[in-house]
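Q: Please take a close look at the aromatic rings here and tell me how they fit together. I'd like to see where they sit in the rest of the fold too.

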Amino acid sequence: MQFPSVPLHLGLYPVVDSVIWIERLLTVGVKTLQLRIKHSDSALKRSEIHRSIALAREYNARLFINDEWQLAIEYQAYGVHLGQEDLLTADLAAIAKAGLRLGVSTHSDEEIDRVLPINPSYIALGPVYTTQTKAMAMPPQGVNKVAEHVARLGAIPTVAIGGISLERAKDVLQTGVGSIAVVSAITQAADWHAAVTAFQQLITEQR
């Protein structure tokens, strides 16, 4: 099975939960995003995913849909992001056939071993630090472990996620990871636009 490739360096990668945030970030030049909807209203979920994919296409951005692979296929998203449990139930062949990119979450060497045969478009490594965004069964890996993973994976695009603040981002980028995914560092920032600008400048400097 083979999924389409993505750039080795995806840049700043915000993970947000609404089309409102997708639109905000697209308008300030963010090019890689993930929509992770937490509510269970199926009609609203469908509408938000549809609108977000259309907006991303308008801005020529890379939008990954978290978990909802059927809707991502239906509305022709750029890609899908799946967790370890979702990999067990998702139709990976259908995702590949539709030409969508696939990103997967990993939390250990064992989980990396599990996903490598799938040939995903990118591998997410986390949590780097303790995060309050979601309950984590795995302890923080820390930057040294992330650096080991990045070295091991070589030319496979990687994304670091989990508790990454602006203050910690430089250390994370120095692992050689291709991208940093952030949630609360933007969505809970006093000035989200300034936070995005600061992250983008830091990433540019590190590259």
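A: Two residues are in contact when they have heavy atoms within 4.5 Å of each other. Take such contacts between residues at least 6 apart in sequence: in this predicted model, 56% of them join residues at least 24 apart. Residues are numbered from 1 along each chain as its sequence is written, and side-chain values use heavy atoms, with hydrogens and water left out. Because this is a predicted model, local features need pLDDT of at least 70 and side-chain atom pairs count only at pLDDT 80 or more, while totals for chains, interfaces and linings use all residues.

First, the setting. The chain has 10 helices and 8 strands (DSSP runs numbered from the N terminus, with at least four residues of H or I for a helix and at least two of E for a strand). Its C-alpha trace spans about 40 × 40 × 30 Å along the principal axes. Of its 207 residues, 49% are buried, meaning under 20% relative accessible area with a 1.4 Å probe, counting protein chains only.

Now for the rings. Searching the whole structure turns up 5 aromatic pairs. To pair, rings of Phe, Tyr or Trp (its six-membered ring) need centres within 6.5 Å; planes under 30 degrees apart are stacked, over 60 edge-to-face, and the rest tilted. Start with Y13 and F64: the ring centres are 5.8 Å apart and the planes meet at 40°, so this pair is tilted. Y13 belongs to strand β1 (residues 11-16) and F64 to strand β3 (residues 62-66), so the two rings tie together parts that are 51 residues apart in sequence. Y13 and F64 are both buried.

F64 has another partner, Y122. Here the centres are 5.1 Å apart with the planes at 90°, so the arrangement is edge-to-face. Again distant parts of the chain get linked: F64 is in strand β3 and Y122 is in strand β6 (residues 122-125), 58 residues apart. How buried is F64? Its relative accessible area is 0%, and Y122 also comes out at 0%. Put Y78 into the picture and you get one aromatic cluster made of Y13, F64, Y78 and Y122.

So what about the greasy surroundings? A nonpolar core is a set of buried Ala, Val, Leu, Ile, Met, Phe, Trp, Tyr and Cys residues joined through side-chain atoms within 4.5 Å. The largest one has 57 residues, and L82, L92, I95, I164 and I180 touch the most other members. Helix α1 (residues 19-27) gives the most to it, with 5 residues. Zoom in on I164: setting aside residues up to four places away in sequence, I164 touches V128, Y129, A169, V172, I180, A181, V182, A185 and F199. Apart from this largest core lies another, of 11 residues, and this is where our rings come back: F64 and Y78 are among them, along with L10 and A181.

One last stop is T158, in strand β7 (residues 158-161). T158 is buried, with a relative accessible area of 5%. Leaving out neighbours within four places in sequence, T158 is in contact with I123, L125, V150, L153, V177, G178 and S179. Two of those, I123 and L125, fall within strand β6 (residues 122-125), the strand that holds Y122.

Terms used. Buried means under 20% relative accessible area, exposed over 50%, partly exposed in between (1.4 Å probe, protein chains only).
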